[in-house]
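This report asks the reader to look at one protein chain with its sequence and its structure side by side. Please keep both in view while reading.

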Amino acid sequence: MTSLSPRANETESMHVGVFDSGIGGLSVLRAVRESMPYAVLSYFADSAHAPYGERADGHVLERSHKVAKHLIDQGAKVLVLACNTATAIAIDRLRARWPALPMVGVEPGLKPAVALSRTRRVAVMATPATLRSDRFERLAQTHAGTAFVHRIPCPGLAALIEGGDLAHPRLLELLAEHCASIKRFEVDVVVLGCTHYSFVRDGIERLLGPGVTVIDTAQAVANQVVRLSGPMRARTSMPISLRLMTSGDATSLRTVASGWLDVSCQVEAWPSV
Ligand code: DGL
């Protein structure tokens, strides 16, 4: 989560562009909005091209470039990849293409997990693409130390969450299977390494029981966005400016966003992005 500073004179309300393959990044957007109530926020859910985590790296790279360019064209001055998969596969290339633009990515919180673990056994739930990436391998080599890192690829989970029915029998079954496997490995910290999984955090915590701490990095990412955005002036008019866009179905994004962010706002459909 490192990058360049924004231009020094950028003290007006900062425009932050946030994207994910779908609704998952709303968990990050919520933390950014709470930390920067005067920022202008644009969110793009690339739902027509999800799930990223089960596609070829080339697909994720191409989509990340298109969506990033779209947000920059809309005026974003800071870019947040609110997607572990896009960060793992595309952030280095995006930084090379837009070297002056501050960018913040999301990575599985392995470092805090290892610091927190008393048993020295942690699990990371993430998409197959994140867990097979070189970036995740480097993260594990840098931060796991002597701790055992149990990798749990969860194919299908993000797509079911994206579908919106959090009581879907297959979704509940998958969660139960993964949590049973986590319990067998006797880990005491579980990292949510996909932003979609925040939507089922309560269910995961219930299945794992009180001896296991579940963590994600949404607030750490928001803190980094604040650091990179520099000083901002409070706008005197509307306290919040939020724009939601999607390459997929606008109605389903609106429904999830109004529950998750507690705001009702229009969602723009951008099928051509
Ligand atoms: N939300 C994304 C992540 O954090 C991935 C979901 C998907 O597979 O599209 O990895």
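The text below treats the domains, two helices, a pair of threonines and some backbone features in turn.

The model is predicted: local features need pLDDT of at least 70, side-chain atom pairs count only at pLDDT 80 or more, and totals for chains, interfaces and linings use all residues. Residues are numbered from 1 along each chain as its sequence is written, and side-chain values use heavy atoms, with hydrogens and water left out.

## Two domains

The protein chain is divided into domain 1 (15-106 + 219-269) and domain 2 (110-216); these bounds come from an automatic or database domain assignment. The C-alpha centres of domain 1 and domain 2 are 22 Å apart. Domain 1 gives 29 residues to the contact and domain 2 gives 19 residues, where contact means heavy atoms within 4.5 Å. Between domain 1 and domain 2, about 1700 Å² is buried, and carbon and sulfur atoms give 57% of this area. Buried area is the accessible area (1.4 Å probe) that two parts lose on being put together, summed over both. On the side of domain 1, I23, E54 and N84 lose the most area to domain 2, together 29% of what that side buries.

## Two helices, each with a buried side

Helices (H or I, at least four residues) and strands (E, at least two) are DSSP runs, numbered from the N terminus. The expected span of a helix is 1.5 Å times one less than its number of residues. Helix α10 (residues 218-229) has 12 residues and should span 16 Å; its end C-alpha atoms are 16 Å apart, which agrees. In α10, the buried residues are A218, V221, A222, Q224, V225, L228 and S229. They cover an arc of only 160 degrees around the axis, and therefore lie on the same side of α10. The arc is that of the directions from the helix axis to the C-beta atoms. Buried means under 20% relative accessible area, exposed means over 50%, and partly exposed lies in between (1.4 Å probe, protein chains only).

Why can residues spaced along a helix share one side? An α-helix has 3.6 residues a turn, so residues three or four places apart point the same way.

The cover over the buried residues of α10 includes β1 (15-20), α1 (26-35), β3 (78-81) and β4 (103-105). After α10 comes G230, with a positive phi near 70 degrees.

Helix α11 (residues 250-261) also has 12 residues, and its end C-alpha atoms are 16 Å apart, in agreement with the expected 16 Å. Its buried residues are A250, L253, V256, A257, W260 and L261. Because they cover an arc of only 135 degrees around the axis, they are on the same side of α11. T255 and G259 are exposed on the other side of α11. The buried residues of α11 pack against α1, β2, β9 (241-246) and β10 (267-269).

## A pair of threonines

T85 lies in helix α3 (residues 84-97), whereas T127 is placed in the loop between β5 (121-126) and α5 (128-132). T85 counts as buried because its relative accessibility is 3%; T127 counts as buried at 5%. Their side chains make a polar contact of 2.9 Å. A polar contact is a pair of N or O atoms within 3.5 Å; within protein, one must be able to donate a hydrogen and the other to accept it, and residues adjacent in sequence count only if both atoms are side-chain atoms. The side chains of T127 and T130 are joined by a polar contact of 3.1 Å.

Which residues does T127 touch, leaving aside neighbours within four places in sequence? T127 is in contact with G53, T85, C194 and Y197. With residues up to four places away left out, T85 touches Y52, G53, V60, T127, A129 and T130.

## Backbone features

The peptide bond from A50 to P51 is cis, with omega near -5 degrees, and P51 lies in the loop between β2 (40-45) and α2 (57-73). The table lists residues other than glycine with a positive phi.

| Residue | Phi | Place |
|---|---|---|
| R120 | near 60 degrees | loop between α4 (110-116) and β5 |
| E186 | near 50 degrees | loop between α8 (169-184) and β7 (189-192) |

R120 is partly exposed, with a relative accessible area of 33%, and E186 counts as exposed at 58% relative accessibility.
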